[in-house]
Amino acid sequence: EIFDRTYKSLIDRIDNEASMIYHLCRTANEDYDNRNEEEAQIRLKLEEEAIDYCLWLKTDIRLAQKKFHLRAKRAAYWTSLVNECLRAIKGWRAAETREYKSNYGL
């Protein structure tokens with residue numbers, strides 16, 4: 001609501017990245033069984049994609065701050081939320097990687 005729609009492509013990209021992070025994590029967690037080696041590999045791939053989207057989202061938040069003068073305080077707030085999400089996903093992925101190495105040798 002506060003963004004100038006002349007930057008619609010950047011706004012849409014930010015929205016898409018946030019949606020994809022949620023979608024990838026939910027898909028990995030709910031649609032694939034970590035007790036199955038093939039599905040465990042798919043989970044790890046989806047988790048890695050979610051991490052990549054977090055990194056892109058942080059970049060686009062910084063770009064939004066510069067491009068359409070998103071206030072530094074708001075940019076810092078949203079970046080901190082993305083960092084928290086990123087830490088959680090990385091922790092989740094690391095825990096599953098350890099488990100899969102011991103169970104499947106991945």
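Biologist: Let's start with H1: which residues in that helix are buried?

Modeller: Keep in mind that this is a predicted model. To count as buried, a residue needs under 20% relative accessible area. In H1 the ones that pass are Leu 10, Ile 11, Ile 14, Glu 17, Ile 21, Leu 24, Cys 25, Thr 27 and Ala 28.

Biologist: And what covers the buried residues of H1?

Modeller: Think about what else the chain has to offer: there are 3 helices and 0 strands. The cover over H1's buried residues includes H2 and H3.

Biologist: Glu 17 caught my eye, so what is its relative accessible area?

Modeller: Glu 17 sits in helix H1, and it's on the list of buried residues there. The cut-off for buried is under 20%. Glu 17 gets in because its relative accessible area is 5%.

Biologist: Which residues does Glu 17 touch, leaving out those up to four places away in sequence?

Modeller: Let's go to helix H2, which covers 37-67. Leu 57 is 40 residues from Glu 17 in sequence, yet their C-alpha atoms are 6.0 Å apart in space. Leu 57 is one of the contacts, and the full set is Tyr 53, Trp 56, Leu 57 and Asp 60.

Biologist: How far does H1 reach from its first C-alpha to its last?

Modeller: H1 has 24 residues, and at 1.5 Å a residue you'd expect 34 Å. The model comes close to that, with a reach of 32 Å.

Biologist: Just before H1 there's Tyr 7; which residues is it in contact with, leaving aside neighbours within four places?

Modeller: Tyr 7 lies in the segment before H1. It is partly exposed, at 27% relative accessible area. Its C-alpha is 8.3 Å from that of Lys 67, although the two are 60 residues apart along the chain. Its contacts are Lys 67 and Phe 68.

Biologist: Over to H3: how far apart are its end C-alpha atoms?

Modeller: H3 runs over residues 72-104, which makes 33 residues. At 1.5 Å a residue it should span 48 Å, and the model agrees. The end C-alpha atoms are separated by 46 Å.

Biologist: Which residues of H3 are buried?

Modeller: Here's a handy idea: an α-helix has 3.6 residues a turn, so residues three or four places apart point the same way. The buried residues of H3 pack against helix H1 (8-31) and helix H2 (37-67). They are Ala 75, Thr 79, Val 82, Leu 86, Ile 89, Glu 96 and Tyr 100.

Biologist: Arg 93 isn't among those, so which residues does it touch beyond four places in sequence?

Modeller: Arg 93 is in helix H3, and at 23% relative accessibility it counts as partly exposed. Along the chain it is 22 residues from Arg 71, with 33 Å between their C-alpha atoms. The residues Arg 93 touches are Leu 44, Glu 47, Glu 48 and Ile 51.

Biologist: How about Arg 98: is it buried or exposed?

Modeller: Arg 98 is found in H3 as well. In space it is 12 Å from Asn 34, C-alpha to C-alpha, with their positions 64 residues apart in sequence. The cut-off for exposed is over 50%. At 56% relative accessibility, Arg 98 counts as exposed.

Biologist: Which residue follows H3?

Modeller: Look for a positive phi, near 75 degrees. The residue with that angle just after H3 is Gly 105.

Biologist: Zooming out, what is the radius of gyration of the chain?

Modeller: From the N terminus on, the elements run α-α-α. For 106 residues the globule rule gives 13 Å, and the chain is well over that, so it is more spread out than a compact globule. Its C-alpha atoms fill a box of roughly 50 × 20 × 15 Å along the principal axes. The radius of gyration is 16 Å.

Biologist: And how far apart are the centres of the positive and negative side chains?

Modeller: The chain has 19 positive and 19 negative side chains. Take the centre of each set, and the distance between those two centres is 10 Å.

Methods. Residues numbered from 1 in each chain as written. Predicted model: local features only at pLDDT ≥ 70, side-chain atom pairs only at ≥ 80, totals over all residues. Heavy atoms only, no water. Helix = DSSP H or I, 4+ residues; strand = E, 2+ residues; numbered from the N terminus. Rg over C-alpha atoms; globule rule 2.2 N^0.38 Å. Lys, Arg positive; Asp, Glu negative; His and termini not counted. Charge placed at Lys NZ, Arg CZ, Asp CG, Glu CD. Expected span 1.5 Å × (residues − 1). Buried < 20%, exposed > 50% of the residue type's maximum accessible area, 1.4 Å probe, protein only. Contact = heavy atoms within 4.5 Å.
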